[in-house]
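Q: Hi, could you help me look through a structure? Here it is.

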Amino acid sequence: MNTLDIFIEKGKKIGIEIGKLDVVENLLRNTDFSTLKIAELTGVSESMVNRILNQINGH
């Protein structure tokens with residue numbers, strides 16, 4: 001794997017993580033799902049979901 005391939009793969013991983021966080025935020029804003037359910041659906045930790053929820057709520 002050359003350097004360009006490494007950067008492309010890293011970019012893909014970052015893009016996927018950003019996309020997950022957008023999905024978490026949308027689920028928090030538009031559903032009544034628990035933070036645990038959102039974590040399970042998106043594959044992020046429940047603590048990450050709680051951090052995003054706190055940001056939404058201005059804490």
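Q: Let's start with the helices: what is the handedness of the crossing of H2 and H3?
A: The crossing of H2 and H3 is right-handed, and please keep in mind as we go on that this is a predicted model.

Q: OK, and at what angle do the axes of H2 and H3 cross?
A: They cross at roughly 115°, and the two axes come within 8 Å.

Q: Which residues meet there, between H2 and H3?
A: From H2 there are Thr-35, Leu-36, Ile-38 and Ala-39, and on the H3 side they meet Glu-46, Val-49, Asn-50 and Leu-53.

Q: Since it's a prediction, what is the mean pLDDT of the protein chain?
A: The mean pLDDT of the chain is 94, and 100% of its residues reach 70 or more. Among the elements, H2 has the highest mean, 97, while helix H1, which covers residues 3-30, has the lowest, 92.

Q: Why would I care about low values in general?
A: Because predicted coordinates should not be read in detail where pLDDT is low.

Q: Back to Thr-35, then: is it buried or exposed?
A: Thr-35 is buried, because its relative accessible area is 16%, which is under the 20% cut-off for that word. This residue lies in helix H2, which runs over residues 35-42.

Q: What does its side chain make a polar contact with?
A: The side chain of Thr-35 makes a polar contact with the side chain of Glu-46, at 2.8 Å. Leaving aside residues up to four places away in sequence, Thr-35 touches Glu-46, Val-49, Asn-50 and Leu-53.

Q: Val-49 keeps turning up. Where is it, and is it buried or exposed?
A: Val-49 is found in helix H3, and it counts as buried because its relative accessibility is 0%. Not counting residues up to four places away in sequence, Val-49 touches Val-24, Leu-28, Thr-35, Ile-38, Ala-39 and Val-44.

Q: Which residues make up the largest nonpolar core?
A: The largest nonpolar core has eight residues in all, namely Val-24, Leu-27, Leu-28, Ile-38, Ala-39, Val-44, Val-49 and Ile-52. The elements that give two or more residues to this core are H1, H2 and helix H3, the last of these covering 46-56. The largest share, three residues, comes from H1.

Q: Why do nonpolar side chains end up together like that, in general terms?
A: What can be said is a tendency: in soluble globular proteins, nonpolar side chains tend to be buried together.

Q: And what does Leu-28 touch?
A: Setting aside residues up to four places away in sequence, Leu-28 touches Ile-38, Val-49, Ile-52, Leu-53 and Ile-56.

Q: New topic: is Leu-4 buried or exposed?
A: Leu-4 counts as exposed, because its relative accessibility is 57%, and the cut-off for exposed is over 50%. Its place is in helix H1. From C-alpha to C-alpha, Leu-4 and Gly-19 are 22 Å apart in space, and they are 15 residues apart in sequence.

Q: Last one: what about Thr-42, buried or exposed?
A: Thr-42, which is found in helix H2, counts as buried because its relative accessibility is 10%. With residues up to four places away in sequence left out, Thr-42 touches Lys-20, Val-23, Val-24 and Leu-27.

Definitions and conventions
Residues numbered from 1 in each chain as written. Predicted model: local features only at pLDDT ≥ 70, side-chain atom pairs only at ≥ 80, totals over all residues. Heavy atoms only, no water. Helix = DSSP H or I, 4+ residues; strand = E, 2+ residues; numbered from the N terminus. Buried < 20%, exposed > 50% of the residue type's maximum accessible area, 1.4 Å probe, protein only. Polar contact = N/O pair within 3.5 Å; in protein donor to acceptor, adjacent residues only side chain to side chain. Contact = heavy atoms within 4.5 Å. pLDDT = per-residue confidence, 0-100. Core = buried A, V, L, I, M, F, W, Y, C linked by side-chain atoms within 4.5 Å. Axes fitted to C-alpha atoms, helices over the stretch in contact; angles between N-to-C directions. Left-handed = near helix turned anticlockwise from the far one by under 90°.
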